[in-house]
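Reader: Please take me closely through one contact between two chains. Then place it among the other features of the model.

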Amino acid sequence: MLAGELTVLTIALPWFGALCIWLGGNKAPRLTERAAVAFSVFAALASGALIPFATNQVVLRIPVGGVFGEFTFVPDGLGILLACIATGIGSLAVIFSLDSMRGEKELARYYALVLLFIGAMAGLVLTGSLLLLFFFWELVAFCSYALISFHNDDPKAVAGGIKALVITQIGGVGLAVGVLLTYAQLGSYEFDALLRHSAQMPREILGIIAFGFLLAALAKSAQVPFHTWLPDAMEAPTPVSALIHAATMVNAGIYLLARFYPAFVNVPAWTTTVMAIGMLSALLAALMALTANDLKRVLAYSTISQLGYMVFAVGVGATLASQFHLLSHAVFKALLFLAAGAVIHLTGTRALAQLGGLSERMPFVRNAFVLGALALAGVPLLNGFWSKELILEAGAQNAGMAAFILLLFGVSITALYATRVTWLVFWAPPRETNKVASSNGHSRPKEIGDAPRAMRIALGVLVGATFTSWLLIGGVSEMFARTLTLANVHVLTLFEMMAEIFLTPLTWIALGAVGFGVWLWTARERFANVRASWQFVTRAAENSFGFEWLNAQVVRATMGAAARLRVTQTGQLNWNMVGIVGGFVLVLAVLMMRW
Amino acid sequence: MMPAFVWLILVLVLAAPLVYLGGHVGRLRQLVANATSVEWETDPPNHLSQWLALGALAVAWIPFTLAARASDAAFALGTLALRFDGIALLLSALALGLGTLVAIFSGAYLRGEKQTEKFFALLLVMVGVMIGLGAARDLFNLWVWFEALAVASYMLVAFQRDERASLEAGVKYLVQSAAGSVMILLGIALVLAQAGTLDLEELGARLVTADSNLLFAALALFVIGFGVKAALVPLHTWLPDAHAHAPSGISAMLSGVVIEAGLIAMLRVMLPLIPHLQGQGNRVAVLFLVFGAINLLAGNLLALRQTEVKRLLAFSSVAQVGYIVFGLGITFWSGQGVGAQGAFFHLLNHGLMKGLAFLAAGALLFALRAGLPRHAPLTISDLAGAARRYPVIAFAFSIALLGLGGLPPLAGFMSKWQIFVAGVDAGNIWIDVLVVFAALNSVLSLAYYAPLVNAMYRGNVSPLVARGTPVPRAMVVPLVVLAVGVVVVGVAPNVLDWLTQPASAALLHSLGY
Amino acid sequence: MNLSPLDTAIFLVLGLFGVGFYALLIVRHLIKLVIALQILVKAAVVALAAAGAASGKLELGASLALSVIVVDTVVAVVALALALQVRKHFGTLDVSELGTLRG
């Protein structure tokens, strides 16, 4: 069956490319670049070709035996959509890298890891086995670590990478426990087994599985309180940030929740928790984006916030809306990141205070960035508008008016920070001179001009997609409805969606919220004293609402324990003998005491 | 007729004196040739003993293959009683495999050292004795094998005997290990007093009426006595010194097989006792589970802030032993073979991965030692940029480290997973909690493996690497073999079933299931 | 107080063990440590012989005791050889000086 081969190709093409590039070394950078583009584009084509074959049946089955079960692949609608995003946006990031990474050392390592990353993400969404899911889940975490730390002579980059690795792996423990419990209960790793037999499981076991999966998803998708790794991951080369934020990594968490929502929907408090965390992340991260002073950090917080909307949507049962917003977000966030990458590449800084006045110098990049910001804010006819409206509508219907009002608050802030960051980068005069242009791996400040060719290609494609990706709703919903039989998705044609969105008053209220947000920025002088009275929020947001502190405490406690434990290793033979004698007494006591 | 596995032991142990003499013959010849000319500052290169050792190891693979096919062969001669069951097969496969690779690796590594013929002879003894230890079916025999293994290990740890650190490590190893060994003897005396026999297969029947308190005392003595060798915390204190300051090939053997051999010896002597504890057998399970957890945490925390590469790897061995002990504890608790199979699987994988890690560290130490003061430890920052000059070694080292950290699709992930599956299957909430704890420890371990990998791939090359010497191919080949093994086992975990399944079956059999 | 031979042996073993381990905990001289190990081994020898007697396998116990003495001599020789090297390279036999590897 062709579906099996295409599934394998989608995963194996990037991996094979990664292997070739790794083995090829750094001798021929041009060849490396071409190979990377070729393999990623072909993988994207393979995943695209998979669309007509969407099925909820296993297309590939590799028996492994023992406690490892069978490795299966099920390319259903959800999986194919995410695979297309991973490979499609991934190949655009690779194309963008041609310009932005040119001249860097160790390109082979860079491209090999990017391709490994893309392939692992494709595998994660296409597999039908929980064990294999965990397998790819860990691999994605490793790739993100290696890429965030790509500039590994920079201690900040290394620290950011390890932070991402450790936090997502801690979440991964939740997934592992869920998978292990599922296997212990059902004797199978198949998704279908969990989805269909969840009701037969003991309630508390199912509860642990559900919250374990949730933990993993929150860590991976950088939701509160695990979001602290994402801003620090900004030390990565910008195409990697685009990859993490749009194509791979953070999408995995949303995917996991959407995938297993039908199994967990009846677990007490699960959907409420999902909704609450989504909402909290959406709002807190939006506030943090408003106060951040680093171009990439603004975008990072904005990702957390937008992911919050998706998590919320899953919580209210709007699987289609969440995944549709995931698609829109992937496109416009990739656009924003790559445009920001162009700005950073061309100016050599990412501090908002040093940027500014670039509107004239780089019109192409400006247009791309503005379009991305508009889509982020939810301005009509761009893809972000449609999917966000679907989420708002689902929220209003299923979670009540209070939730809707909170969401609207978030929408306003989103519009506000989107306006702010665009203004500061392109129109405001720079407030500081660019002193650190030589940091971030860039050799020296360049003569500032517009984006070179490969960047333009990648940005151009994304601009086109930002205008058009919402037209896919009919196809996506049909594919979902056909292959996700348990998710309760209905076919929603384009016209139905347009009618639905334009006819409900909620849309107009939401647009009012967007307008209000933009107006707030234009009227910021008038609100100077209001801002002063909100200082405590600003300060809290700048300090990441204390989560960063919490994080640091955990690290410090661990490191402190390690340091204290080292004292016990005295190197003195007599002391070592105390360990032996003491150990004997303890063991004897444990074995012989009455208990 | 003697079964094949006896030949296996004989070939190795009898070849050892030949290897030793061979080295002397080679040296004599060269001394004669140079009698009139200059005095050698160090001993002349001594290839003969290495080739003899390699020959003996190559020959040993023949009886090994035969022994692997003949299941459960037994042999008795006077007071010597042996039985080659699944556990023995597992241990001999690991010892022989790793021993062969270490012998290939060490010829070039030891260039410039004195008396390398002693090294190779002792290496053969170590491998042969370990196989005997695995096959012993008499409690006292087992102690003798164990003691012989210990003596070979002491001498190998302190092989570079004009080196203060090696001497210090050797002394600590010897005194602590000897104290443990005496405890074992006392335990044996207790068992003998109760049962009137030391045959491990007859013990079970004779212990039915035994006083369970005395059996508990014997168990405690065995756990501590063998636990010193198996590096159970808090008995592990000798390990970081010995593993870090032995020649790297021996570090690989010690971490990869010898501590595991200690654990297997412990299992051997404990298993017949456990069914006779008047229904208190679960205490042993609890003991193992607790030791597993303590080893995990202590090993990882101690490794977290190490700056010396080999010392870091040594502490990571303490943590990895924790997984094995944890898996065994699960089987003791539940009586299901999956946990033990996972533990044996992890034992093999740890042998592969840690063997690879120490050999790779050794290769880098070899390459960089031109710039280091003699026998100075290799630190993580010394490795900066190593991947540039030694891409294969750095890559193999990275595979070993990531495998130890439990990254799929490498071997370590698979065996840990199997242990976790067994733990959750046991259906006890506390074991579930321990599984979560073990998984979190895996994450913690990444916090020291990842920076080590990162250092090797740095762009700024350390001065030592810049001045590094080329590494001979004989040292790289074992690394490649092991790295391929780690990946293959990770992708196809069932390739080692032929070793792990009989071993766990043998364990269950001894437990009386 | 009447002690059977077995009781005497048990007390002897416990006494020797106590002395041996106590010495391992407090003695710092390497040669004395080796002596302490020897005391411990002698305790084990007595224990094995007594255990053989107690279980009615007198000969087995005796042969085990002899074997232990033989094997342990090898360990003692290696230990003393190491002590010699320590003396040579550290200039002392005080094991508290052998504390460079720590942490």
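**Where chains A and B meet**

Author: Between chain A and chain B the count is 2 salt bridges, each a side-chain nitrogen of Lys or Arg within 4 Å of a carboxyl oxygen of Asp or Glu. The model is predicted: local features need pLDDT of at least 70, side-chain atom pairs need pLDDT 80 or more, and totals for chains, interfaces and linings use all residues. Residues are numbered from 1 along each chain as written, chains are lettered from A and ligands numbered from 1 in written order, and side-chain values use heavy atoms, without hydrogens or water.

Start with A:Glu106. This residue forms a salt bridge with B:Arg388. The closest N and O atoms of the pair are 3.2 Å apart. A:Glu106 sits in the loop between α3 (77-100) and α4 (107-126) of chain A. Helices here are DSSP runs of H or I with at least four residues, strands are E runs of at least two, and both are numbered from the N terminus. The backbone of A:Glu106 has a positive phi of about 60°, although the residue is not a glycine. Most residues other than glycine have a negative phi.

Now the whole contact. Chain A brings 57 residues to it and chain B brings 69, with contact meaning heavy atoms within 4.5 Å. The two chains bury about 5600 Å² between them. That figure is the accessible area (1.4 Å probe) lost on putting two parts together, summed over both. Carbon and sulfur atoms carry 75% of the area that chain A and chain B bury.

Chains A and B also share a cavity lining. The largest cavity has a volume of about 200 Å³. A cavity is a set of points on a 1 Å grid over the protein atoms alone where a 1.4 Å probe fits but cannot get out; lining residues have an atom within 4 Å of a point. Points join across faces, edges and corners, and the volume is the space filled by probe spheres set on them. Of the 16 lining residues, the closest to the centre of the largest cavity are A:Phe134, A:Glu138, B:Gly406, B:Phe420 and B:Ser442. Chain A gives two or more residues from each of α5 (130-148) and α6 (155-186). Chain B does so from α16 (411-425) and α17 (429-456). The lining holds 9 nonpolar, 5 polar and 2 charged residues. Nonpolar means Ala, Val, Leu, Ile, Met, Phe, Trp, Tyr, Cys or Pro; charged means Asp, Glu, Lys or Arg; the others, Gly among them, are polar.

Look next at the loop between α15 (391-404) and α16 of chain B. B:Pro409 is found there. The peptide bond from B:Pro408 to B:Pro409 is cis, with omega near 0°. Chain A has a cis bond as well, joining A:Val224 and A:Pro225 with omega about 5°. A:Pro225 lies in the loop between α8 (203-220) and α9 (229-232) of chain A.

Chain C touches chain A too. Here 14 residues of chain C contact 10 residues of chain A. The buried area is about 980 Å², with 57% from carbon and sulfur atoms. On the chain C side, C:Leu24, C:Leu25 and C:Gly103 lose the most area, together 47% of what that side buries. The rule finds 0 salt bridges across this interface.

Chains B and C supply the lining of another cavity. The second largest has a volume of about 80 Å³. Its lining has 13 residues, and B:Ala178, C:Leu37, C:Gln38, C:Asp72 and C:Val75 are the closest to its centre. At least two lining residues each come from α6 (164-195) of chain B and from α2 (30-54) and α3 (58-90) of chain C. The lining of the second largest cavity divides into 9 nonpolar, 2 polar and 2 charged residues. In the whole structure, the search finds 5 cavities of 30 Å³ or more.

Last, back to salt bridges. Over all chains the count is 24. Among them is the pair of B:Glu201 and B:Arg83, with the closest N and O atoms 2.8 Å apart. B:Glu201 belongs to helix α7 (residues 200-206) and B:Arg83 to strand β2 (residues 80-84), 118 residues apart in chain B.

Key
1 Å grid on protein atoms, 1.4 Å probe; cavity = no way out; pocket = protein on both sides within 12 Å on 5 of 7 lines; lining within 4 Å.
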